[in-house]
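New notebook page. I want to see what packs against what here, so I'm pulling up the model before I write anything else.

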Amino acid sequence: MTYDVLRKIIGGILLVSLIALGFSKPVQEYLQVPANITLFEGQQLDIAKAEAVSAGLSIDNTSVSLKEDNHSISLHAKEIGKNEMLLELAGFPIKKVDVNVLKDFKVIPGGQSIGVKLNTVGVLVVGHHQVNTAEGKASPGETAGIKIGDIITEINGTKIEKMSDVAPFVQEAGKSGNPLQIIVSRESGKVKTELTPLKENGEETYKLGLYIRDSAAGIGTMTFYHPESKKYGALGHVISDMDTKKPIVVEDGQIVRSTVTSIEKGSNGNPGEKLARFSSDKEIIGNIVRNSPFGIFGELNRDMKNGIFDKPMPIALSHQVKEGAAQILTVVDNDEVQLFDIEIVSTIPQKFPATKGMVIKVTDQKLLDKTGGIVQGMSGSPIIQDGRIIGAVTHVFVNDPTSGYGVHIEWMLNEAGIDIYEKAEEKAS
């Protein structure tokens, strides 16, 4: 046998061995390691590996330490900073992984039932009304091109903040016959129009032919509270007007404590609901400055306790959430926050903010017996996994009330104006 033939045989054996090794489960898991890993100070990440796999750090600093044995690689985040982990297979470099260590960050989980009152920017148009005049029925607002969902922000050059601001202009214009100069805000931008109020037959008052509203109220669940900044997040989804189905543009708002009085149990095709009342003292515990697809946000004027987890708890980023067992904090009776078992059915390691990051399923029989699963008013209930806050309940599946969506806590913190990356970037620069 010649040397060339022998070399080819040995090369073929090595190639087949490498290919076979590449298809082994530990190596497959190893190759699926993301190109970027973010950890918090003190956190450890274990990665399964095959014997032919090795890893090393390319930068000599104190941000990360690495240990490995025949079966795993362990990354331990020690302090804020960045590093690179180089992965090799049988001596061949196959992947570079950027490792970013963030300052240890904690928030206090919520679970409390809260009452929500939103004050809109201007007054919201929620319907058209036919005015019964001597000449017949007509809607001045509809004739003026004002649409449901529009927000009246200005009349005759004066800013409109609440419903009581509108009436004097309407009566004056009706008596003088001069049309109102109205500015409305809608998704496409601001629109100017003229509207002439009409007199209702048999009455002395003039009307716009519009149904309007200047505030909205409801209940939800507190998700988190950040003691250092006093900022909070709740609900996990946007508050939309019940009539127009459009997000409410918030001028300001308040949250108060609420008490759950009863539960309308959910069933297939019929989502249930928490029935609650604002606490009797109606004492304002915080403001609302933002109503976004990820929930409502503002600042609390006092600490809030749930009686279960009242100390700051670490969070998990979207790529750190895993399928499997988890728990939620929520209220189903009076003011008592309780812990219930759920399952993370699927999770998406999102690189950019998105509202539907997890699919969850209620597995706790006590909660199923009480509510049938996820009900309205439960939105915002914090989700806990392995001692970390990972997100909040957002929506229920209409045809399966035991299941629904969750949003990652990472994006709610971002919407609250809490930048968990800021300090790491400052040090890196």
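Which residues does I328 touch, not counting residues up to four places away in sequence? I find Q338, L339, F340, I342, L367, M378, P382, I383 and V393; touching here is contact, meaning heavy atoms within 4.5 Å.

Ground rules: this is a predicted model, where local features need pLDDT of at least 70, side-chain atom pairs count only at pLDDT 80 or more, and totals for chains, interfaces and linings use all residues. Residues are numbered from 1 along each chain as its sequence is written, and side-chain values use heavy atoms, with hydrogens and water left out.

Core. I looked up the largest nonpolar core (buried Ala, Val, Leu, Ile, Met, Phe, Trp, Tyr and Cys joined through side-chain atoms within 4.5 Å), with buried meaning under 20% relative accessible area and exposed over 50%, using a 1.4 Å probe on protein chains only. That core has 24 residues, and I328 is among those with the most contacts inside it. Elements giving it two or more residues include β26 (324–333) and α5 (365–371); helices are DSSP runs of H or I, at least four residues, and strands are E runs of at least two, numbered from the N terminus. β26 gives the most, with five residues. Another core, of 21 residues, lies apart from it and has F40 and F297 among its members.

Helix α4. In α4 (residues 167–176) I see F169, V170, A173 and G174 buried. They sit on the same side of α4 because they cover an arc of only 125 degrees around the axis, taken from the directions from the helix axis to the C-beta atoms. These buried residues pack against β12, β13, β14 and β17, while the face turned away carries exposed P168, E172 and K175.
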